[in-house]
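I am opening a notebook page on this structure and will keep to what I looked up in it. The entries follow the order in which I went through them.

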Protein chains: 2
Amino acid sequence: MDSMIRQFYEIPGKVVALQPGEYLFHEGDHAKYFYFVRSGQIFITKFAESGRVLSLRLATRGSIIGELPLYEEVPVYIFNAIAQSPSEVYAIEFSTLHSWLEKKPSLAINLLKIIGMHMRKQHSKFRDLVLYGKKGAIYSTLIRFANSYGQEVDGGILITVPLTNQELANYSATARESLNRMLSDLRRQNVIDIRDGLIFIRDIDFLKQEIQCENCGREICNIE
Amino acid sequence: MDSMIRQFYEIPGKVVALQPGEYLFHEGDHAKYFYFVRSGQIFITKFAESGRVLSLRLATRGSIIGELPLYEEVPVYIFNAIAQSPSEVYAIEFSTLHSWLEKKPSLAINLLKIIGMHMRKQHSKFRDLVLYGKKGAIYSTLIRFANSYGQEVDGGILITVPLTNQELANYSATARESLNRMLSDLRRQNVIDIRDGLIFIRDIDFLKQEIQCENCGREICNIE
DNA sequence: TTAGCCGTGTGACTATTATCACTTACACTT
DNA sequence: AAGTGTAAGTGATAATAGTCACACGGCTAA
C-alpha cells in the first residue's frame with residue numbers, strides 16, 4: 001500500500017499533528033481536505049442518534065481518510081476521524097487533488113486501485129455481518145485487527161492495539177455485554193486469551209472457519 | 001449517471017444479450033470483462049454455503065457491473081450477475097479499459113466518481129443494517145427500490161419491479177417468514193399495500209423516519 | 001376439471017442478541 | 001490505606017429474528 005500512496009506526497013499539502021482523542025473532522029463537517037496518515041492511528045467512527053457509536057476503521061500509516069466526499073456537489077464528511085494515538089496526517093485540498101488527478105492519469109489510477117480495495121473490504125465486512133450475525137461481526141473484527149495490528153508470538157497472534165470491550169463492541173455494532181460473553185466463550189474454548197490487556201489469538205483458524213472465511217488476503221481483510 | 005457512462009461507449013467492446021435467468025457471470029469465475037448495462041435488469045447476488053442467497057443490487061440501464069476485480073492480481077468475480085428481464089450489457093475487456101484509463105484522465109476521473117458513489121451506497125446500506133437490524137435492512141431495501149424503480153401514483157409510490165417475498169428477503173438477508181410478517185405489519189399500519197403483486201408504498205416517510213434516514217438523496221440511496 | 005406447483009400467510013417454538021441491574025477487579029489519587 | 005473511577009464480568013429477563021410445519025389460494029398443464 002505504501003508504494004501506492006508515495007505519489008501523493010508530491011502534491012502540495014500540509015502536515016497536521018493530532019493528540020490522542022483529538023478530532024481530525026466530525027461527521028457533517030464541510031469537507032475540504034483529503035488526508036492520508038503519516039504516523040499514528042486514527043479511529044473512523046459514526047454516531048447513531050441513540051447514542052451508540054459505530055466504529056469502521058482504525059487507519060494507520062498509508063491509509064487514506066476522507067476520500068468519500070471527493071467528487072460530491074456539497075462535500076460533507078460522513079464519518080468522524082479521531083486520533084487514537086499521537087498522529088500525523090498529510091492534508092491535500094480537494095481542489096488541488098482534482099487538478100492533479102486531471103494532469104496525472106497514473107495518480108487517478110492509483111486512487112482507483114485504493115478505492116477499489118476499500119470497496120472490497122467493505123463488501124467482505126458486509127458479508128461477514130449479514131451472513132453470520134453478531135458472531136460474524138465480532139470474529140471478523142478480531143481477524144481484521146490481527147491482520148492489521150497482529151504480531152506473531154508463541155504460535156499465536158497478539159493484537160498490539162489496546163482496545164476496551166466497549167471499543168471492540170463498537171466495531172461490531174454489538175452490546176458490550178454480548179461482546180464480553182463471546183470473548184469469555186472464546187477464552188474458555190482456548191481460542192483467545194488476554195495478555196496485559198491485549199488480545200492474544202491462539203487459534204485464528206477457528207475464527208476463520210466459523211465465519212466461512214474466504215481467505216481474501218491481508219490486503220482486503222483488515223481494519224485500515 | 002447516464003452522462004457519466006456515455007464516455008465508456010467510445011471504448012471498443014461487445015454487446016452481450018441475456019435472457020431472464022441467464023447468468024452473465026458466477027462468483028469465482030475468472031474475471032475478464034467490465035460491463036455496463038444498456039437495457040434490462042440484472043440481479044447482483046452472492047451465495048452463502050448454507051444455501052442462502054444474499055442479493056445486493058438490481059442493476060439497470062447505466063449501472064456498471066463487475067468493476068470490483070478491475071485492478072486485482074488474480075481477477076475473480078466475487079458476485080453473481082443474473083438477468084432478471086431480457087437485458088443487454090456492453091462488455092469491455094479489463095486490458096482495454098486499463099489502456100484507455102491511462103490515456104484518458106477524464107475517463108479515470110469519471111470511473112472514480114462512479115465508484116465513489118458505489119462506496120457511499122454501500123456505506124449507507126451498512127449503516128441501515130447494522131444500526132437498525134432487520135427492520136433497518138428491510139425498510140432500507142423498500143426505500144431503495146422505491147428510489148430506483150418507483151413510480152408516483154395516487155399519492156404513493158408503486159415499485160414497478162415484480163418481487164417475490166423470497167427475493168425481497170434476500171436483499172435484507174432475512175428469513176422469508178420474517179420479511180412476510182414485517183410486510184404484513186406495514187400493511188396493517190397502512191404504510192404499504194400490494195397491488196397486482198407489486199408493492200405500493202403509501203407512506204415512505206414512515207419508513208424513512210423509522211430508520212433515521214439521513215436523506216442522502218436518490219443518487220446514493222438506491223438499489224442500482 | 002383436477003392434480004400439482006408455487007408463493008403467501010401464520011402459529012408454535014427455538015435461538016440469538018439486547019437491556020437492566022448489579023458485583024468484582026484494578027489502577028490511580030489523596 | 002481508603003476512596004474513587006473505570007472497565008470487566010454475569011445473572012435474569014425481554015425483545016428480536018429464525019426455523020419448522022402446515023394451510024390456503026391461484027395458476028397451469030394434462
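**Entry 1: DNA strand D**

I began at Glu177(B), where an N or O atom of the side chain is 3.3 Å from a base nitrogen of DNA strand D; I count a polar contact as a pair of N or O atoms within 3.5 Å, and within protein one atom must be able to donate a hydrogen and the other to accept it, with residues adjacent in sequence counting only if both atoms are side-chain atoms. The elements that give two or more residues to the surface near this strand are α5 of chain A and, from chain B, α3 and α5; helices (H or I, at least four residues) and strands (E, at least two) are DSSP runs numbered from the N terminus.

Before going on I note that this is a predicted model, in which local features need pLDDT of at least 70 and side-chain atom pairs count only at pLDDT 80 or more, while totals for chains, interfaces and linings use all residues. Residues are numbered from 1 along each chain as its sequence is written, chains are lettered from A and ligands numbered from 1 in the order in which they are written, and side-chain values use heavy atoms, with hydrogens and water left out.

Which residues are the closest to DNA strand D? I find 18 residues around the strand, the closest being Arg181(A), Arg187(A), Lys134(B), Ser178(B) and Arg181(B), where near means that a heavy atom of the residue lies within 4 Å. Of the strand D atoms that come within 4 Å of the protein, sugar and phosphate account for 53%. The side chain of Arg181(A) has an N or O atom 3.0 Å from a base nitrogen of DNA strand D, whereas at Ala175(B) a polar backbone atom is 3.4 Å from a phosphate oxygen. Helix α5(A) supplies the largest share of this surface, six residues. I sorted the surface into three nonpolar, seven polar and eight charged residues, taking Ala, Val, Leu, Ile, Met, Phe, Trp, Tyr, Cys and Pro as nonpolar, Asp, Glu, Lys and Arg as charged, and the others, Gly among them, as polar.

**Entry 2: DNA strand C**

I then turned to DNA strand C, which has 17 residues around it, with Lys134(A), Ser178(A), Arg181(A), Asn165(B) and Arg187(B) coming nearest. Sugar and phosphate make up 54% of the strand C atoms that come within 4 Å of the protein. A polar backbone atom of Lys134(A) is 2.9 Å from a phosphate oxygen of this strand, and the side chain of Arg181(A) places an N or O atom 2.8 Å from a base oxygen. For Arg181(B), I find a side-chain N or O atom 3.2 Å from a base nitrogen of DNA strand C. The elements giving two or more residues to the surface near this strand are α3 and α5 (176-188) of chain A and α5 (176-188) of chain B, and the largest share, six residues, comes from α5(B). By class, I list three nonpolar, seven polar and seven charged residues there.

**Entry 3: Aromatic rings**

How many aromatic pairs does the structure hold? I find 23 over all chains, where rings of Phe, Tyr and Trp (its six-membered ring) pair if their centres lie within 6.5 Å, with planes under 30 degrees apart counted as stacked, over 60 as edge-to-face and the rest as tilted. Tyr9(B) and Phe36(B) form one edge-to-face pair, 4.9 Å centre to centre with 85° between the planes. Tyr9(B) lies in the loop between α1 (2-6) and β1 (14-18) of chain B and Phe36(B) in strand β3 (residues 33-39), so this pair ties together parts that are 27 residues apart in sequence.

I also noted that the charged end of Arg195(A) sits over the ring of Phe200(A), 3.8 Å from its centre, meaning that NZ of Lys or CZ of Arg is within 6 Å of the ring centre and within 35 degrees of the ring normal.

**Entry 4: Arg120(B)**

My last stop was Arg120(B), in helix α3 of chain B. Is this residue buried or exposed? Arg120(B) counts as buried because its relative accessible area is 11%, with buried meaning under 20%, exposed over 50% and partly exposed in between (1.4 Å probe, protein chains only). Leaving out residues up to four places away in sequence, I find Arg120(B) touching Leu68(A), Pro69(A), Glu72(A), Val76(A), Ile78(A) and Ile220(B), contact being heavy atoms within 4.5 Å.
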